[in-house]
Amino acid sequence: MNHVIQNFDRSVMGYEIHSIPQNALATELAKWIPPEERHGYAIEFGAGTGLFTRKMQPWSGAYLATDAAPRMVISGIEQCPFVAWKEQTADQPQYLGPADWVLACNLLQWLKDPESVLKAWHDTLKPGGHLAIAVLLPGTFAELHQVLPEANPLIYRSAKIWENLLEKAGFTLEREEIWQHTHIYSNALAFLRAIHAMGLAPQTTIGPGRLRAALREYDRKFAAPSGVRTTWQAWLVRAVAA
Ligand SMILES: C[S@@+](CC[C@H](N)C(=O)[O-])C[C@H]1O[C@@H](n2cnc3c(N)ncnc32)[C@H](O)[C@@H]1O
């Protein structure tokens with residue numbers, strides 16, 4: 001298990017409590033698959049606690065929800081027992097197909113080699129099968145990036161890079177859109193605590209002096225009527241496998 005999966009595994013209790021932005025993103029992606037298209041065999045990767053999975057129900061046909069973090073899968077089974085669950089890393093889908101749908105909400109930005117994962121997902125789909133994904137973009141946590149760049153848990157790719165990766169993997173884009181969301185936390189410290197609780201812990205150790213100064217700067221620069229603001233940005237896309 002790599003450190004990303006370990007962090008999510010440990011955060012299972014806090015994930016849904018703090019995941020208002022993730023929930024908004026899952027709601028948005030779910031709108032891209034209207035009820036009349038919710039049929040066939042679907043495989044979801046990085047399903048976590050089932051936030052997006054639940055929004056896809058009822059689904060007519062087999063729906064396999066997967067995640068690499070064992071405790072996420074246990075929580076998913078409890079919260080969404082209507083679908084099949086499997087502990088599974090996203091990069092080894094070979095034996096799960098052929099599928100009509102591959103779905104992944106808020107996962108791909110965490111993967112080390114998304115190019116080969118997208119190719120593997122493509123080969124897991126039947127020809128003409130659909131992919132629907134949401135992936136975080138560089139605008140996410142832009143405020144944190146300004147005051148404490150080393151605390152940003154991710155290196156983001158642009159929508160253009162994702163588009164190229166999808167096309168190289170053999171997908172044809174059907175629809176794409178950039179989604180932006182602002183979330184208000186009571187202050188910068190509350191925001192940092194929340195991202196820790198969601199499993200998005202920074203990978204570097206930050207000295208207490210530097211941290212205090214950065215939090216003060218955040219509170220001052222990004223003040224909003226009832227706290228401080230944080231931006232989330234994602235690329236939503238639907239594509240077809242050739
Ligand atoms: C931000 S959460 C998203 C969960 C859910 N899709 C949602 O929208 O709330 C990312 C999930 O991806 C899982 N994950 C991270 N790396 C993974 C990998 N290599 N293979 C499969 N799952 C992975 C984590 O365990 C976590 O549950």
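**Notebook: ligand shell, helix α5 and cores**

I started with the ligand in this predicted model: 23 residues surround the ligand, counting those whose C-beta atom, placed from the backbone, lies within 6 Å of it, and the closest are Phe-8, Gly-46, Gly-48, Leu-51 and Ala-68. The elements giving two or more residues to this shell are α1 (3-10), α3 (20-31) and α4 (51-55); helices here are DSSP runs of H or I with at least four residues, strands are runs of E with at least two, and both are numbered from the N terminus. I noted that α1 gives the most, with three residues.

For the record, residues are numbered from 1 along each chain as its sequence is written. As the model is predicted, local features need pLDDT of at least 70 and side-chain atom pairs count only at pLDDT 80 or more, while totals for chains, interfaces and linings use all residues.

Next I looked up helix α5 (residues 70-79), where Met-72, Val-73, Ser-75 and Gly-76 are buried (20 or more other C-beta atoms, placed from the backbone, within 10 Å of a residue's own). Seen down the axis of α5, these fall within an arc of 165° (taken from the directions from the helix axis to the C-beta atoms), so they line one face of the helix. Their cover includes α1, α2 (12-18), α4, β2 (63-67) and β3 (84-87), with contact meaning C-beta atoms within 7 Å.

Last, I checked where Leu-29 sits: Leu-29 touches Phe-52, Cys-105, Ala-132, Ala-134 and Leu-236, leaving out residues up to four places away in sequence.

How values were computed
Buried ≥ 20, exposed ≤ 12 C-beta atoms within 10 Å, placed from the backbone. Contact = placed C-beta atoms within 7 Å.
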